[in-house]
Structure formats: structure tokens, C-alpha cells
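Me: I am new to this structure and would be grateful for a close look at a single part of it. Please describe the sheet with its surroundings, and then turn to other parts of the chain.

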Amino acid sequence: MKKKWTIIVSAALCIMLLVCGCGQKEEKPTFTGDTTEEPPYQDNLNAISPSAYNNVQGLELEPGSYISIIGKDESSAYWKAIRKGVEQAAADLNEALGYSGEDKIKVTYNAPGEVEDIDEQVNILDEELARYPDAIGIASIDADACTVQFDLATENGIPIIALDSGNSYQGIQCTIKTDNADAARTGAYKLCDEIEDKGGILLLVHDSKSASGKEREESFQNEIQNNHPEVAVVETIYLDRMEEMKKEIAKEKNEAREETEKGGSKAGEEITPESLTDEDVIEYYLEKHTDIKGCFGTNITATQLALSALKQAEDEDVILMGFDAGKEQMEALKNGEIKGLVVQNPFGIGYASVVAAARTILQSGNEAEVNTGFIWVTQENMEEESIQNMLYE
């Protein structure tokens with residue numbers, strides 16, 4: 001009797017399911033031929049490796065969690081793109097978690113107003129630590145600075161990740177950046193190929209202190225020394241040492257002026273370091289080394305300075321290549337003033353930094369290093385769709 005009842009119940013359930021299915025037929029999704037539209041920044045996310053850092057799925061943060069991201073500056077196209085990546089990741093996180101109002105995950109981006117201002121960056125870090133964020137991400141201007149602040153963060157249980165540049169502090173949980181060695185090596189052999197593997201190169205390095213500056217300079221130099229015997233880096237100019245170079249150049253020019261006057265000729269007015277521009281410094285070395293065939297800038301600021309100096313010197317024979325893709329760099333690439341650019345993925349750096357910070361908060365584990373990728377862009381390929389999707393202004 002019990003078995004017969006089971007059969008009757010099962011049959012009744014089947015009939016009910018069929019009736020319900022018929023009644024809801026109009027709610028069944030139908031295939032229209034449309035595909036899910038990917039966001040315009042998807043190519044930037046696809047370039048990130050490992051892929052766990054190109055999405056916010058599974059990051060079940062508590063409502064109101066606070067992530068602080070600190071950059072190197074807030075004005076350049078590169079850092080504006082990083083900020084966009086940070087903000088997009090925050091928006092995606094809140095959407096995925098269904099948070100709104102006071103429950104929203106708070107993600108801030110702060111940076112010095114002036115490029116590479118280490119003092120202001122330290123002040124920003126102090127201010128952010130006073131707000132007790134759940135995690136901090138920082139692009140260190142000086143790889144060896146902020147040890148005291150990082151110790152304080154560690155003591156208060158605030159995990160730290162690095163972005164754009166590495167950091168010598170042992171407690172860094174994860175570093176989000178371009179493979180600087182590979183990118184600089186690519187730029188070096190591309191430039192050597194363009195100058196037919198012969199001649200001098202002027203290398204402009206964005207600073208002498210950051211890990212990214214050191215990595216790019218070392219890799220560029222190694223590629224030249226190991227694989228291009230008839231090419232030499234005849235001068236390396238660090239942008240954070242410009243004032244020192246201006247003093248040296250002014251002193252040298254004034255000594256030459258005095259010798260000229262001793263010979264009975266007029267030599268013009270005395271030169272002061274303050275009267276020299278950054279472009280004047282580059283032009284001085286272009287004149288000093290007559291065998292210079294190529295010039296390379298290791299970031300957007302260095303590349304732009306080189307472009308401006310070559311225009312000032314009216315030197316169209318020196319081949320210019322460098323890093324990054326601001327509006328002026330892309331215009332120069334288009335008209336042939338720049339021959340090639342290493343274009344990083346700053347949007348991806350910003351996005352992956354938020355993901356890494358969230359993973360540290362959740363203690364779900366992090367890779368020691370996350371590679372956000374780069375592409376080599378020339379006048380010939382800059383209009384290709386795959387390239388265009390990775391550019392930024």
C-alpha cells in the first residue's frame with residue numbers, strides 16, 4: 001500500500017510540473033542572435049596574468065570595507081588611466097555584491113599633485129593610515145622610503161600591496177605591474193634595429209630611486225651591452241637629478257665663456273642654472289655627443305621631454321622611442337616624430353590593484369607578482385582594433 005501511494009504522488013507531481021511549465025511558457029528566454037556585450041575595457045583585463053586578478057568574482061568583502069590606493073601623480077594620462085581602473089573595479093565590486101549607500105565598498109585614489117613628489121606622497125600615506133583602511137596599495141616613488149609607515153600599517157593589521165613599481169619592504173603582499181625588464185628589453189632591441197645597430201643612444205630615466213626606473217634602466221643597458229656591440233648608451237639622464245645637471249652645465253659653459261673672453265672675444269652673458277630648462281639639458285648632451293642616433297624615454301614624462309627637446313634642437317635625425325601613450329605621444333607617433341612606444345596597461349594595473357587589495361583583506365592568498373602586460377605600438381599598427389582598445393589619453 002505504501003509503494004502504491006509513492007507512485008500516485010510521483011505521478012501527481014509530474015502533472016503539476018507540466019501544468020506549471022505550460023503556464024510559464026512565455027517567460028522562457030528565447031535566443032535572439034545577440035551576444036553578451038563585453039565592456040570596452042575587456043582587452044585591458046584580458047591582458048592581466050594570472051586571470052584571477054581580471055575580475056571581482058568571489059570577493060565577498062564586508063559592507064563598508066575601505067581600500068586606499070596611492071599613486072605617483074594625478075595629472076598624467078598614465079596615472080589618470082590607473083585611476084579609471086581603480087574606480088571601475090570599485091564599481092564592479094559593489095555591483096557584484098549588491099552594495100549601495102553606506103554599505104558600499106569605499107575605494108579611494110590619491111596622489112601627489114606634482115610628478116614624483118616623494119614628500120607629498122609620504123604625507124598622503126600618513127593621512128590614509130590615520131583613517132585605518134582595510135588595505136593600502138601604493139606606487140612607491142622611492143623604493144626604500146616609507147619603512148616607518150609600513151611598519152605602522154603592519155602593526156595595525158593593514159596589509160600593503162604595491163602597484164606600478166616594486167618596493168623593498170618585506171611585508172608587501174603582492175606587486176601589480178608591467179614586466180619592466182621585458183618591456184625595456186623590447187624597447188632596446190627595437191631602437192637598435194631602427195638605428196641599424198650602430199651609434200650612440202641617449203637614455204632618459206624617469207628617476208633614480210623607484211624600482212621601475214632601476215629595472216628598466218638595467219634591462220635596457222643589458223640588452224645593449226650583451227647583444228648590440230656597435231651600440232652604446234653614451235649618456236643616462238635621470239629626471240630627478242635635473243637640477244644637479246643644470247648646475248654642472250652652467251659651470252662648464254661659464255668656464256668656457258671665461259676662456260673665450262681671455263682670448264679677447266665676446267662670449268655673451270653668464271649662465272645661471274635657473275636660466276636652463278630641462279630641454280636645454282637634453283640639447284646640451286645632444287651637442288656633446290655627436291654620434292647619438294637614438295633616444296629612449298623610460299616613462300611618459302621622459303618620453304615627452306625627449307620629444308620636446310628634439311623639437312627645440314630641430315634635430316630630425318635622432319630616432320625617438322619610449323614608454324606610454326598619452327595624447328601628445330600618439331600624435332607624435334602618427335606623424336613620425338616617435339618611431340615606437342612600449343604601451344603599458346595602466347587601467348589593468350589600477351583594476352588588479354583593487355582585486356589584490358580585496359584578496360589581502362579576505363586572506364584568500366595572493367601571487368607575489370601580477371603581470372599586467374604591454375604592447376609595442378608603431379605608426380603601422382596603431383589603428384588596429386586590438387591596439388586601439390589598449391591605448392589611453
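Reply: In this predicted model, L204 stands opposite G297 in β8. That pair belongs to the junction of β6 and β8, two strands that run parallel and are joined by 5 bridges. On to β9, strand β8 again runs parallel, here with 4 bridges, and F296 has M321 of β9 as its bridge partner. Of the 6 residues of β8, 5 are buried, so this strand is largely enclosed by the rest of the structure.

These strands are part of an open sheet of 6 strands with mixed pairing, in the order β7-β6-β8-β9-β10-β12. Its edges are formed by β7 (231-238) and β12 (374-377), each of which pairs on one side only. On average, and with direction ignored, neighbouring strands of the sheet are turned by 15 degrees against each other. Strands of a sheet pair through backbone hydrogen bonds, in either the parallel or the antiparallel sense. The antiparallel sense appears between β10 (residues 340-344) and β12, which pair over 4 bridges. Within that pairing, L341 has V377 of β12 as its bridge partner.

Helix α6 (residues 180-194) packs on the sheet and touches β6 (199-205), β7, β8 (292-297), β9 (319-323), β10 and β12. The direction of α6 makes about 170 degrees with that of β9. The helix has 15 residues and reaches 21 Å from its first C-alpha to its last, close to the 21 Å expected at 1.5 Å a residue. Which residues of α6 are buried? They are N180, A183, A184, T186, G187, A188, L191 and C192. After α6 comes E196, with a positive phi near 60 degrees.

A second helix, α12 (residues 346-362), may be described in similar terms. It has 17 residues and spans 25 Å from first C-alpha to last, close to the 24 Å expected at 1.5 Å a residue. Helix α12 is mostly covered, with 15 of its 17 residues buried. It is followed by Q363, whose phi is also positive, near 55 degrees.

The residue V377, already met as the partner of L341, is also in contact with L391. L391 lies in the segment after α13 (385-388). With neighbours within four places in sequence left aside, the contacts of L391 are A325, M330, V343, V377 and M382. A81 is 310 residues away from L391 along the chain, yet the C-alpha atoms of the two are separated by 9.6 Å.

Another group of paired strands is centred here on β3 (residues 135-138). From this strand, A135 and G137 point one way and I136 and I138 the other way, and all are buried. In a regular strand the side chains alternate between the two faces of the sheet. Strand β3 pairs in the parallel sense with β1 (residues 66-70) over 4 bridges, and A135 of β3 is the bridge partner of I67. It also pairs in the parallel sense with β4 (residues 160-163), over 3 bridges. In that second pairing, G137 has I161 of β4 as its bridge partner.

Two helix pairs complete the description. Two packed helices are described by the angle between their axes and the distance between the axes. Helices α9 (residues 278-288) and α10 (residues 300-312) have axes that come within 9 Å and cross at roughly 65 degrees. Angles of 65 to 115 degrees count as roughly perpendicular, and α9 is therefore described as roughly perpendicular to α10. The contact is made by D278, E279, D280, I282, E283 and L286 of α9, together with L305, S308, A309, L310 and Q312 of α10. The crossing of α9 past α10 is right-handed.

How are α4 (residues 118-130) and α5 (residues 147-155) packed, and at what angle? Their axes lie 10 Å apart, at an angle of about 15 degrees. Angles under 35 degrees count as roughly parallel, and α4 and α5 are therefore roughly parallel to each other. Their crossing is left-handed. The contact is made by V122, L125, D126 and L129 of α4 and by Q149, F150, L152 and A153 of α5.

Notes
Residues are numbered from 1 along each chain as its sequence is written. This is a predicted model: local features need pLDDT of at least 70, side-chain atom pairs count only at pLDDT 80 or more; totals for chains, interfaces and linings use all residues. Side-chain values use heavy atoms; hydrogens and water are left out. The expected span of a helix is 1.5 Å times one less than its number of residues. Buried means under 20% relative accessible area, exposed over 50%, partly exposed in between (1.4 Å probe, protein chains only). Two strands pair if DSSP finds at least two bridges between them. Axes are lines fitted to C-alpha atoms, for helices over the stretch in contact, and angles run from 0 to 180 degrees between N-to-C directions. Contact means heavy atoms within 4.5 Å. Angles under 35 degrees count as roughly parallel, over 145 as roughly antiparallel, 65 to 115 as roughly perpendicular and the rest as oblique. A crossing is left-handed if the near helix is turned anticlockwise from the far one by less than a right angle, and right-handed if clockwise.
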